[in-house]
Amino acid sequence: MQQENKNVLILSGTDEAFFINKKYKYWRKRILASIIIGYAMFYFLRQNFSVVTVALQDFFNISKTEIGAILTLHATVYGIGKGIWSIVSDKSNARLFMPIGLLGASLANIITSFSDNITMIGICWAINGCFLSMGAAPCIKLITYWFTKNERATKWALWNASQQIGAASTVLICSHLLTRYGWRTVFLLPGILGIFMAIFLLFRLRDTPKSIGLPTIEDFKGIDDVTLKIDETLSMKEIIFKKLIKNKILWLLCLANLFFYLFRMGILNWAPTFLMEFKGSSQKLAGFQTSLMDISSVCGGIFAGYISDKVLHGKRTPLCILSMLLLASMMFILLYIPQENKFLQSLVMSIIGVLITAPQILVGVAATDFSSKKIAGTANGLTGSFGYLGASIAGIAIGTLAEGYGWHSAFGLIISSALISALLFFVIFLTNKWSSRKNLLNK
């Protein structure tokens with residue numbers, strides 16, 4: 001149970017209380033804005049590869065399967081890294097952690113731009129994945145420590161918009177760079193910009209409220225959180241055992257995220273290639289259509305966060321179930337839209353963008369809700385690792401299916417993944433409902 005008195009510090013009437021309110025308000029805005037801008041750059045250093053897949057095939061005379069293998073290697077390293085770095089992040093200073101990851105990824109992009117064989121590009125892209133996997137964990141930690149439980153989905157959605165901003169900017173800018181200056185500049189320019197962004201984050205970020213002399217967010221908001229108090233009495237070992245290892249809902253969430261990411265990264269990485277090869281779009285038009293998906297997902301994410309926080313009162317899975325079922329339908333429609341109907345293709349890509357963000361955001365928030373604030377990064381790292389296991393499968397599986405059996409087979413895998421994910425979210429919903437009822441009866 002939570003009882004919130006937002007004016008608890010204001011009503012004290014002291015100069016110190018006024019100062020704390022003002023300082024807290026300033027730092028919450030500054031940190032949220034900084035992680036939105038900073039994480040957008042992480043995506044700029046990542047999604048640029050999807051723009052050059054066709055160019056790399058032509059330049060190095062390689063197949064879709066080989067491109068898929070690079071994507072799979074990147075996703076595998078990213079997924080493993082996300083799990084490891086999330087554990088480290090819970091005990092590290094977010095102010096240093098995020099810039100280090102961004103700097104490493106920037107240098108990996110710059111080296112990629114000077115590579116002269118596909119093996120070297122694959123190695124660099126794997127290193128890129130390792131450093132990029134350091135980006136999400138400090139952001140999750142900062143959101144968890146600077147915002148209350150009933151604010152997190154909305155703030156998470158605002159932060160998540162950075163992914164769509166970064167991805168959309170990448171497609172638009174890098175498509176132009178590819179057309180005018182060649183594929184090497186698609187890696188070089190983001191790498192240079194990333195170095196400047198790492199310096200920016202180092203100066204703009206801070207760690208937890210306590211690190212700058214402020215009270216915890218629960219004390220600041222006057223929230224009496226029984227669960228949080230219980231967690232404070234437990235050791236880290238006990239929390240990991242009870243809230244992580246023995247947490248059935250969290251493991252189900254991991255499986256749901258695996259199939260969701262197989263779907264998400266399948267469409268994200270292969271959309272430009274699919275639109276050019278199967279729908280006859282030009283390189284520029286395919287980039288524009290893909291960017292529509294990224295742009296519309298910003299609105300979809302903010303809407304999903306608001307509905308989850310304010311309308312569903314913290315329930316996360318119902319929106320995930322609905323989104324995955326609708327996404328499966330949209331992919332089926334996209335596959336059979338006539339080649340000449342570019343408007344309808346673009347419209348469906350926009351709808352996919354609106355729908356795809358709800359599970360992406362709410363899985364992360366749910367992982368924090370179902371575990372503990374002390375291991376927010378670790379719980380999200382676990383679900384993220386499973387997610388990128390799905391992304392690893394998507395990279396090579398979709399490339400192989402599209403090349404060997406056609407895009408209908410590739411879309412069969414993508415649509416099936418959406419339906420399995422919806423089913424698992426439904427099982428989580430029922431399990432959580434049963435657990436809540438059981439706890440209520442025990443009281």
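The following exchange concerns the predicted model shown above, with attention to helix α5 and a nonpolar surface patch.

Colleague: How many helices and strands are there in the protein?

Modeller: This is a predicted model. Of its 443 residues, 58% count as buried. The protein has zero strands, and the number of helices is 18.

Colleague: What distance separates the end C-alpha atoms of helix α5, and what span should its residues give?

Modeller: Helix α5 covers residues 94–113, which makes 20 residues. At 1.5 Å a residue, the helix should therefore span 28 Å. This agrees with the separation of its end C-alpha atoms, 29 Å.

Colleague: Which residue caps the N-terminal end of α5?

Modeller: The cap rests on a side-chain oxygen that lies 2.9 Å from the backbone nitrogen of Arg 95. The residue that supplies this oxygen is Asn 93.

Colleague: How many residues of α5 are buried?

Modeller: Buried means under 20% relative accessible area. Helix α5 is largely enclosed by the rest of the structure, because the buried residues number 14 of the 20.

Colleague: Is Ile 100 buried, partly exposed or exposed?

Modeller: Ile 100 lies in helix α5. Partly exposed residues fall between the 20% and 50% cut-offs. With a relative accessible area of 47%, Ile 100 is therefore partly exposed.

Colleague: Which element gives the most to the nonpolar patch?

Modeller: The patch, of about 690 Å², is made by Leu 96, Ile 100, Ile 192, Phe 196, Ile 199, Leu 202 and Phe 203. The elements giving two or more residues to this patch are α5 and α9 (183–204). With five residues, the element that gives the most is α9.

Conventions. Residues numbered from 1 in each chain as written. Predicted model: local features only at pLDDT ≥ 70, side-chain atom pairs only at ≥ 80, totals over all residues. Heavy atoms only, no water. Helix = DSSP H or I, 4+ residues; strand = E, 2+ residues; numbered from the N terminus. Buried < 20%, exposed > 50% of the residue type's maximum accessible area, 1.4 Å probe, protein only. Expected span 1.5 Å × (residues − 1). Polar contact = N/O pair within 3.5 Å; in protein donor to acceptor, adjacent residues only side chain to side chain. Patch = residues over 30% accessible without salt bridge, like charges linked within 9 Å, V, L, I, M, F, W, Y side chains within 5 Å. Areas by Shrake-Rupley, 256 points an atom, 1.4 Å probe, with all protein chains shown as cover. Salt bridge = Lys/Arg side-chain N within 4 Å of Asp/Glu carboxyl O.
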